[in-house]
Amino acid sequence: NCVQPFNPFDSEEIKHNHETDEKPAWHVKKKEKRRKLMQSSHSTHSHFDELEVDSLEDDSVKFSDVRIVGWSSDEIYNVVMNVADYKEFIPYCVKSTVFTQQSAPRHDYMEAELMVGFQLYQLGYTSKVNGSTTLDGKKIVTAVCENKDLFDHLNMEWKISPGPKEHTSSMHFTVSFKFSNRLYNKVATVFKSSVIDQMIPAFESRLRDVYGEPTILSSLSSTGISRRKKRR
């Protein structure tokens with residue numbers, strides 16, 4: 001709620017009954033859209049309140065999602081590392097071209113040109129992707145954006161480990177981003193709701209297409225979003 005500044009010319013006898021105020025149409029529509037989205041979801045997905053754009057001007061935004069899924073670690077790793085196919089299943093990804101790729105025992109590396117287009121915006125950048133497998137079978141994938149003109153940083157990380165049952169996995173996904181230009185922060189909320197919030201459902205859908213139905217429905221362990229103030 002906005003706090004109105006004190007006006008010495010206003011009469012103290014005039015009082016406003018806020019209970020009669022009507023909520024703006026956009027507020028009602030947003031609430032109804034979120035309710036329908038949560039009802040239509042067959043698995044537990046991440047839903048967060050919209051970020052206040054003004055509060056993002058000096059902040060780094062971090063999104064986190066931890067869940068148990070019904071696919072093996074190898075299957076998840078293969079889908080995450082197949083960056084060339086991102087344009088086929090990640091919402092608003094209009095280009096995903098791998099131009100450098102190297103493989104070694106327990107380690108994969110690639111560089112790819114990605115472009116995300118939503119509403120009137122097209123964000124293009126180069127991503128350096130590292131995938132590794134530890135001796136105990138855990139898999140880690142990191143992706144770092146190289147376009148400093150667009151992003152101060154855009155870092156993604158997947159941590160995939162065997163789950164509690166056979167052919168299940170624990171999947172921990174985090175992404176942290178901040179635009180370089182403060183003007184871009186006006187689209188930070190749109191970028192999050194249009195792209196980031198839909199990534200996990202998109203990957204689960206791709207896993208279904210490639211490897212079939214999961215052995216269990218996704219079980220959400222924890223989610224979170226934080227804003228980290230820049231030190232002055």
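**Exercise 1. Place R206 in the fold and decide whether R206 is buried or exposed.**

Solution. Start with the secondary structure: R206 sits in helix α5. Keep in mind as you work that this is a predicted model. Next, take the relative accessibility of R206, which is 15%. The cut-off for buried is under 20%, so R206 counts as buried. Finally, look at what surrounds this residue. Once neighbours within four places in sequence are set aside, R206 is in contact with V79, D85, E88 and F89.

**Exercise 2. Check the length of helix α5 against what its residue count leads you to expect.**

Solution. First, count residues: α5 covers residues 199-211, which makes 13. Second, apply the rise of 1.5 Å a residue, using one less than the number of residues; the expected span is therefore 18 Å. Third, compare this with the model, where the end C-alpha atoms of α5 lie 18 Å apart, in agreement with the expected value. Now step past the end of the helix: just after α5, G212 has a positive phi of about 90 degrees.

**Exercise 3. List the buried residues of α5 and relate them to the helical repeat.**

Solution. The buried residues of α5 are M199, I200, A202, F203, E204, R206 and L207. To read such a list, recall that an α-helix has 3.6 residues a turn, so residues three or four places apart point the same way. Try this on the list yourself, beginning with M199, A202, F203 and R206, which are among the buried residues.

**Exercise 4. Describe how α2 and α5 pack.**

Solution. Begin with the geometry: α2 (residues 73-81) and α5 pack at about 110 degrees, and their axes are 10 Å apart. Angles of 65 to 115 degrees count as roughly perpendicular, so that is the term for this pair of helices. The crossing is right-handed. On the α2 side, the contact involves E75, I76, N78, V79 and V80; α5 contributes F203, R206, L207 and Y211. Here R206 from the opening exercise returns, with V79 among its contacts.

**Exercise 5. Work out how β2 and β3 are joined and paired.**

Solution. Take the pairing first: β2 (residues 93-104) and β3 (residues 107-118) are antiparallel, with 10 bridges between them. For one register point, find T100, which stands opposite E111 in β3. Then turn to the hairpin, where 2 residues lie between the strands and R106 has a positive phi near 65 degrees.

**Exercise 6. Summarise the whole chain.**

Solution. Count the elements: the protein chain has 5 helices and 8 strands. For burial, 38% of its 232 residues count as buried.

Terms used:
Residues numbered from 1 in each chain as written. Predicted model: local features only at pLDDT ≥ 70, side-chain atom pairs only at ≥ 80, totals over all residues. Heavy atoms only, no water. Pairing = 2+ DSSP bridges. Helix = DSSP H or I, 4+ residues; strand = E, 2+ residues; numbered from the N terminus. Buried < 20%, exposed > 50% of the residue type's maximum accessible area, 1.4 Å probe, protein only. Axes fitted to C-alpha atoms, helices over the stretch in contact; angles between N-to-C directions. Parallel < 35°, antiparallel > 145°, perpendicular 65-115°, else oblique. Left-handed = near helix turned anticlockwise from the far one by under 90°. Contact = heavy atoms within 4.5 Å.
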